[in-house]
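This briefing sets out the main computed features of one protein model. It begins with the pocket and then turns to the fold and the strand pairing.

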Amino acid sequence: MAMRKTAAVAVAALTLLAAWGGAGSATAVAPATARKAAEACGVLAPGASAAAEKAVAAACEQIGVWYTWGGGHGPRPGPTYGQVDPSDPDSAHDSERLGFDCSGLVRYAYARAVGGDPLSGNAYHQFHSPQVNQRFTAAQGTGPLLPGDLLAWGSGGSIHHIAIYLGAGKMVEARESGTRIMVSDVRLGGDYAGAVRIAPATAPGTFSTWGTDVWTHKEPSTTSPRVHRFPGPTTVRVECQKHAEPVTAEGYTNDAWSYLPEYGAWITNIYLKGPAWLDGVRTCP
């Protein structure tokens, strides 16, 4: 999601735009400035997992690519043309630019690192993903962090921005409209919410969806309001399952529904890989 610019950041963004070909350019040609930025992006501290180091490398390959609002959220991980954010005049050209927003970049980096699509969704979903195996509070700062950890900003339970830690107090991020993917100093003030460490290995209660454009629902019924759309296969955590409305789709009929706590929503078991009634998952009350 876009963050508001300070005056200093606005000046820096205009300088970069002038060096990299103008506001309307859809792709970035990497001149000396961009090359230097790319050289500064990498694993800057020891101790990260191999998957986390690969995610950092994948994100760093995108240095100089445009931030685009909504970019990176196509059916498969990768850059997409963005959208105009009515609340942000700086996004006026995002629909002409191929790139990523903050969560689109994180999604792409970890998909490249581990395969599949383990971190689809927006910054909130990534911060609360079942792939998280360790959390760090804002008060802990960067001390316990390792390269590949995800830093997040937001308040009141809302997460509006996410970035990938490099080590040494640095991060790589798709920051806001009008800028390109960059290395930044970690911003611990304001509404910094903390960080999470990703462990993409399958954990108990973790399953993969299948199919495209699969919707979850507020209740275990196709007539209840839609909550979230999975554009493609996505790893999810199932808290419990229950028998409810029978659903017929893709040649199958099943009355089992699973509750996904990170999304606060239900999904028919037809779209979860596994048996009709999931093994090892408790029945919802």
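How much space lies in the largest pocket? The largest pocket of this predicted model holds about 380 Å³ of space. Its lining comprises 16 residues, and those closest to the pocket centre are His-73, Gly-121, Asn-122, His-228 and Arg-229.

**Pocket lining**

- Helix 4 (102–114) and strand 12 (226–230) are the elements that give two or more residues to the lining of the largest pocket.
- By class, ten of the lining residues are polar, three are charged and three are nonpolar.
- In general terms, empty space is revealed by rolling a probe the size of a water molecule over the atoms.

**Overall chain**

- The protein chain contains 16 strands and five helices.
- It has 285 residues, of which 49% count as buried.
- Its accessible surface comes to about 12,300 Å², and carbon and sulfur atoms account for 56% of that area.
- Of the contacts between residues at least 6 apart in sequence, 61% join residues at least 24 apart.

**Strand 5 and its partners**

- Strand 5 (residues 150–155) is largely enclosed by the rest of the structure, because five of its six residues are buried, that is, under 20% relative accessible area.
- Strand 5 runs antiparallel to strand 6 (residues 158–167), and six bridges join the two.
- Within this pairing, Ala-152 of strand 5 has Ile-162 of strand 6 as its bridge partner.
- Strands 5 and 6 form a hairpin with two residues between them, and Gly-156 in the turn has a positive phi of about 60 degrees.
- Strand 5 also pairs with strand 9 (residues 192–198) in the antiparallel sense, over four bridges.
- In that second pairing, the bridge partner of Leu-150 is Val-196 in strand 9.

**The three-stranded sheet**

- Strands 1, 2 and 3 form an open sheet in the order 1-3-2, with mixed pairing.
- Strand 1 (66–67) and strand 2 (80–81) stand at the edges; each has a single partner strand, so one side of each is left without a neighbour in the sheet.
- Strand 2 and strand 3 (residues 98–100) run antiparallel and are joined by two bridges.
- Thr-80 stands opposite Gly-99 in strand 3.
- As a general rule, strands of a sheet pair through backbone hydrogen bonds, in either the parallel or the antiparallel sense.

Methods: Residues numbered from 1 in each chain as written. Predicted model: local features only at pLDDT ≥ 70, side-chain atom pairs only at ≥ 80, totals over all residues. Heavy atoms only, no water. 1 Å grid on protein atoms, 1.4 Å probe; cavity = no way out; pocket = protein on both sides within 12 Å on 5 of 7 lines; lining within 4 Å. Points joined across faces, edges and corners; volume = space filled by probe spheres on them. Nonpolar A, V, L, I, M, F, W, Y, C, P; charged D, E, K, R; others polar. Buried < 20%, exposed > 50% of the residue type's maximum accessible area, 1.4 Å probe, protein only. Contact = heavy atoms within 4.5 Å. Areas by Shrake-Rupley, 256 points an atom, 1.4 Å probe, with all protein chains shown as cover. Pairing = 2+ DSSP bridges.
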